[in-house]
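User: I would like a close look at one part of this model, set against a plain account of the whole chain. Please keep the answer connected.

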Amino acid sequence: MAVKVYVVYYSMYGHVGKLAEEIQKGASSVEGVEAKTWQVPETLPEEVLGKMGAPPKPDVPVITPQELAEADGILFGFPTRFGMMAAQMKAFFDATGGLWREQSLAGKPAGVFFCTGSQGGGQETTALTAITQLTHHGMVFVPVGYTFGAKLFGMDQVQGGSPYGAGTFAADGSRWPSEVELEHAFHQGKYFAGIAKKLKGSA
């Protein structure tokens, strides 16, 4: 049986979506792992999204809370809103009460990745505050740590990401994930999938 890794994200402008693509590729590169990307439901009406300049959603399936239970490991991605996950992702977590009641996610590995507008905009607090959701479900938080190596210490360019997970900066929306940030995302997917595979193999 293949190890199922779900990459579940919310992305209003596409920055988190770009990271999700690389994370999925990284996870899929591990033998015996099937990785799939999912979007969480949008909560804003089309009229509001249009006024905010949000592009159309990509052709990625929308997940239901119940489908989370099918995964052996889950990576959650989201943009920040005042140092915490966006309301759309929080609304999705709020809808997982049935899974919590049955403890359907307990023991499953989970990780996070994120996007912020600036360097002081929540590259760590967004991840830290998200851990409470995982904790109440009894999930096993798997940070990427410093396994990405020397590139995580790079000072020659602006780069997102941290030991908590891959990340990027959107600035005013015109900045897109850099090559290093995409490499970090690929690495996180590959690293996480390896952990999920080990955990399922020892179960």
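What area does the chain expose, and what share of it do carbon and sulfur atoms supply? Then please look closely at Ser11, in the loop between β1 and α1.

Analyst: The chain exposes about 9600 Å², and carbon and sulfur atoms supply 58% of that area (Shrake-Rupley method, 1.4 Å probe; for residues, only the protein chains shown count as cover). This is a predicted model, in which local features need pLDDT of at least 70 and side-chain atom pairs count only at pLDDT 80 or more, while totals for chains, interfaces and linings use all residues. Residues are numbered from 1 along each chain as its sequence is written, and side-chain values use heavy atoms, with hydrogens and water left out.

The chain as a whole gives the setting for Ser11. It holds six helices and seven strands, which are DSSP runs numbered from the N terminus (helices H or I, at least four residues; strands E, at least two). In sequence order the pattern reads β-α-β-α-β-β-α-α-β-α-β-β-α. The radius of gyration is 16 Å, close to the 17 Å that the globule rule gives for 203 residues, so the chain is as compact as a globular protein of that length (radius over C-alpha atoms; the rule is 2.2 Å times the number of residues to the power 0.38). Along the principal axes, the C-alpha atoms fill a box of roughly 45 × 40 × 30 Å. Of the 203 residues, 48% are buried (under 20% relative accessible area; exposed is over 50% and partly exposed in between, with a 1.4 Å probe and protein chains only). Taking contacts between residues at least 6 apart in sequence, 75% join residues at least 24 apart, where contact means heavy atoms within 4.5 Å. The mean positions of the 16 positive and 19 negative charges lie 4 Å apart; Lys and Arg count as positive and Asp and Glu as negative, without His and the chain ends, and each charge is placed at NZ of Lys, CZ of Arg, CG of Asp or CD of Glu.

Now the part you asked about. Ser11 sits in the loop that links strand β1 (3-9) to helix α1 (15-28). With a relative accessible area of 9%, Ser11 is buried. A polar atom of the Ser11 side chain lies 3.0 Å from the backbone nitrogen of Gly14. The backbone nitrogen of His15 is 3.4 Å from a polar atom of that Ser11 side chain. Both are listed as polar contacts (N or O atoms within 3.5 Å, one able to donate a hydrogen and the other to accept it; residues adjacent in sequence count only if both atoms are side-chain atoms). Beyond its neighbours within four places in sequence, Ser11 is in contact with Val16, Gly17 and Lys57. Gly53 is 42 residues away from Ser11 along the chain, and their C-alpha atoms are 13 Å apart.

Lys57 leads on to strand β2, as Gln39 touches Lys57 too. Gln39 belongs to β2 (residues 33-39) and counts as buried at 7% relative accessibility. A polar atom of the Gln39 side chain lies 2.8 Å from the backbone oxygen of Val60. Leaving out residues up to four places away in sequence, the residues that Gln39 touches include Tyr9, Pro58, Val60 and Val62.

Other places can be set beside Ser11. Ser162, in the loop between β6 (140-141) and β7, is buried at 5% relative accessibility. Outside the four places on either side in sequence, the contacts of Ser162 include Phe114, Gln123, Leu152 and His184. The C-alpha atoms of Ser162 and Ala20 are 16 Å apart, with their positions 142 residues apart along the chain. Ala2 comes in the segment before β1 and is partly exposed at 27% relative accessible area. Ala2 touches Gly32, Glu34, Asp72 and Lys200, not counting residues up to four places away in sequence.

Two further loop residues stand out by backbone angle. Gln103, between α4 (97-102) and β5 (109-116), has a positive phi of about 55° although it is not a glycine; Gln103 is partly exposed, at 36% relative accessibility. Ala171, in the loop between β7 (167-169) and α6 (179-202), also has a positive phi of about 55° without being a glycine. At 48% relative accessibility, Ala171 counts as partly exposed.
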